Number of protein chains: 2
Amino acid sequence: MRDKPAGETRAADVLHRMRADIISCVLKPGAKLRFEGLRDMYAVSFSTLREALSRLVAEGLVVAEDQRGFVVAPVSIADLNDLTYVRVLVERECLGLAIKHGNDGWEADIIGSFHRMDRLQTRLGSNYYLSGEWGKLHGDFHFSLVAACGSPNLLEIRQKLFERAHRYRRMSSQFRPKWRAKDVEHKMIMDSVIARDTAKAQELIERHIRETTENVIKHAGHLFDAADEAPHTRSDHVAAE
Amino acid sequence: MRDKPAGETRAADVLHRMRADIISCVLKPGAKLRFEGLRDMYAVSFSTLREALSRLVAEGLVVAEDQRGFVVAPVSIADLNDLTYVRVLVERECLGLAIKHGNDGWEADIIGSFHRMDRLQTRLGSNYYLSGEWGKLHGDFHFSLVAACGSPNLLEIRQKLFERAHRYRRMSSQFRPKWRAKDVEHKMIMDSVIARDTAKAQELIERHIRETTENVIKHAGHLFDAADEAPHTRSDHVAAE
DNA sequence: CGGTTTGATTTTTTCGAAAATCAGCCATAC
DNA sequence: GTATGGCTGATTTTCGAAAAAATCAAACCG
């Protein structure tokens, strides 16, 4: 399911593969990205690599140090907390708009994508969250919830934030044998969305995001370089909300 | 003030110059970006151009059509309205956080950047808004208001949205001889921010953004290809707010 | 001994030619 | 008359070598 250089330009293909590798931590946070190695890994030339890297820089998954090459964007508790804060803001807004504007087709897509995710979950058994396939369906489900939002710009921002958060989720999933009652939460969120209960849906999605963050910090926080800049704490943000 | 390839990589320099040219509409919305022409214009090679273009794609100022080259991101009333909607959401949030977290240095920076902008304004006379220099100071002033926001991610999103909006403002400024009472508005916003009146500051910044958008549509709307996709109207968003 | 300069090596960045792809056009067939 | 198939020229995309810059370490002073 991962190979489709069909009609796609080579650079775009490398972009997709590298993004996936960064999100799934095959390329570890903070790792130096040397061209020689990447060239072997993805079988493309310097320039093509550089193009993919450049786009990832603008997406925030890679940082470029002037004349010193590229590095996988580092992770930190401060960044995760900030990301969570922004995500709550954006996701709530998207959800509110989607519930307002969504039609029957939108509802059908939600139910469909939930079903696909749920089925794969039972098929894969207790380790479903380690599967890249499930990760994709999980992303699709969350997207379907807000798809009818009507604001292309907000949706695009949301998508990029979601992907960056996915990297943090992924980091903790290797430590966490069972992924809480996430499946139950998803069902509750879906139900409240379909019932057009905006306040409840927003409350649930916020809790969903916040609790996931707490779990990541609890189980994988020790992996982050705590020696990072921490200009503010989470409680600041919560209070501001 | 525009030339500083000091310590900067060549590609980054081209990136800055192209971004400025797109924002100031030297490169017109929807224009096809042919490599041959760009190579002469910026005096760099294909690969370097491609790198800059790629970053601009991820920033939303350029769109890449698979295997058919690059195009300056088109403008449309739908996009402007959507942009305005997201900007109001983000800018209000940033401002609220900044007022909450800001310290004395932050206030001083606001006053300083307002003063710089104001001085240049009187020095340039009635056509100040056409100057790129003023455009920069105007951007600096607005940034200074939210600089203490404390959320790097939100600030980065804000910055990109601001730049895209600047392109729209620029399109209308050539038609509009006098730029309303914008300078008075800036003063009022600054005063309410320094007075830490969150609600008032947010209200003022929202009006500031919304009225600018209305003016752009009124005076330059006829330039946009109205034949664009328009999945929703502005009133949708306003109502949702 | 601490600190700076120099030179060799590694790594990044830039370049323009070569390959791949697209767009328009005409000939041909049905 | 319309559609299909291949040409040709223009444009994009990819490539790896060459240039520029950084890194590391040994040699060199104060």
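Trainee: What makes the relation between chain A and chain B a two-fold axis?

Mentor: In this predicted model, chain B is superposed on chain A by a rotation of 180° with 0.0 Å of shift along the axis, at an RMSD of 0.0 Å. That is the relation of a two-fold axis, which is why the name applies.

Trainee: How do you know which surface each copy uses in the contact?

Mentor: Of the contact residues of chain B, 100% recur in chain A, so the same surface serves both copies, contact being heavy atoms within 4.5 Å. Chain B brings 39 residues and chain A brings 39 residues.

Trainee: How much area is buried between the chains, and which residues of chain B lose the most?

Mentor: About 3,100 Å² is buried between chain B and chain A, with 53% of that coming from carbon and sulfur atoms. On the side of chain B, the residues losing the most area to chain A are B:Arg55, B:Leu89 and B:Asn153, together 17% of what that side buries.

Trainee: Why is the pair A:Glu51 and B:Arg50 called a salt bridge?

Mentor: The closest N and O atoms of A:Glu51 and B:Arg50 are 2.8 Å apart. The cut-off is 4 Å between a side-chain nitrogen of Lys or Arg and a carboxyl oxygen of Asp or Glu, so the pair qualifies. Between chain B and chain A the count is two salt bridges. Residue pairs in polar contact number 17, both residues being at pLDDT 80 or more.

Trainee: Which element gives the most to the side of chain B that touches chain A?

Mentor: H4(B) does, with ten residues. Helices H3, H4 (77–101), H7 (152–173) and H10 (234–240) of chain B each supply at least two residues there. By class, that side has 15 nonpolar, eleven polar and 13 charged residues.

Trainee: Turning to the DNA, what makes A:Arg50 a polar contact of DNA strand C?

Mentor: An N or O atom in the side chain of A:Arg50 is 2.3 Å from a phosphate oxygen of DNA strand C. The limit for such a pair of N or O atoms is 3.5 Å, so A:Arg50 meets the definition. A:Lys32 also has a side-chain N or O atom 3.0 Å from a phosphate oxygen of the strand. For B:Arg10 the partner is a polar backbone atom, 2.4 Å from a phosphate oxygen.

Trainee: How many residues surround DNA strand C, and which part of the strand do they approach?

Mentor: DNA strand C is surrounded by 21 residues, A:Arg50, B:Thr9, B:Arg10, B:Ser47 and B:Arg68 being the closest. Sugar and phosphate make up 78% of the strand's atoms that come within 4 Å of the protein. The surface divides into six nonpolar, eight polar and seven charged residues, and H3(B) gives the most to this surface, with three residues.

Terms used. Residues are numbered from 1 along each chain as its sequence is written. Chains are lettered from A and ligands numbered from 1 in the order in which they are written. This is a predicted model: local features need pLDDT of at least 70, side-chain atom pairs count only at pLDDT 80 or more; totals for chains, interfaces and linings use all residues. Side-chain values use heavy atoms; hydrogens and water are left out. A residue is near a molecule or strand if one of its heavy atoms lies within 4 Å of it. A polar contact is a pair of N or O atoms within 3.5 Å; within protein, one must be able to donate a hydrogen and the other to accept it, and residues adjacent in sequence count only if both atoms are side-chain atoms. Helices (H or I, at least four residues) and strands (E, at least two) are DSSP runs, numbered from the N terminus. Ala, Val, Leu, Ile, Met, Phe, Trp, Tyr, Cys and Pro count as nonpolar, Asp, Glu, Lys and Arg as charged, and the others, Gly among them, as polar. Copies are superposed by least squares on the C-alpha atoms of residues with pLDDT of at least 70 in both. Buried area is the accessible area (1.4 Å probe) that two parts lose on being put together, summed over both.
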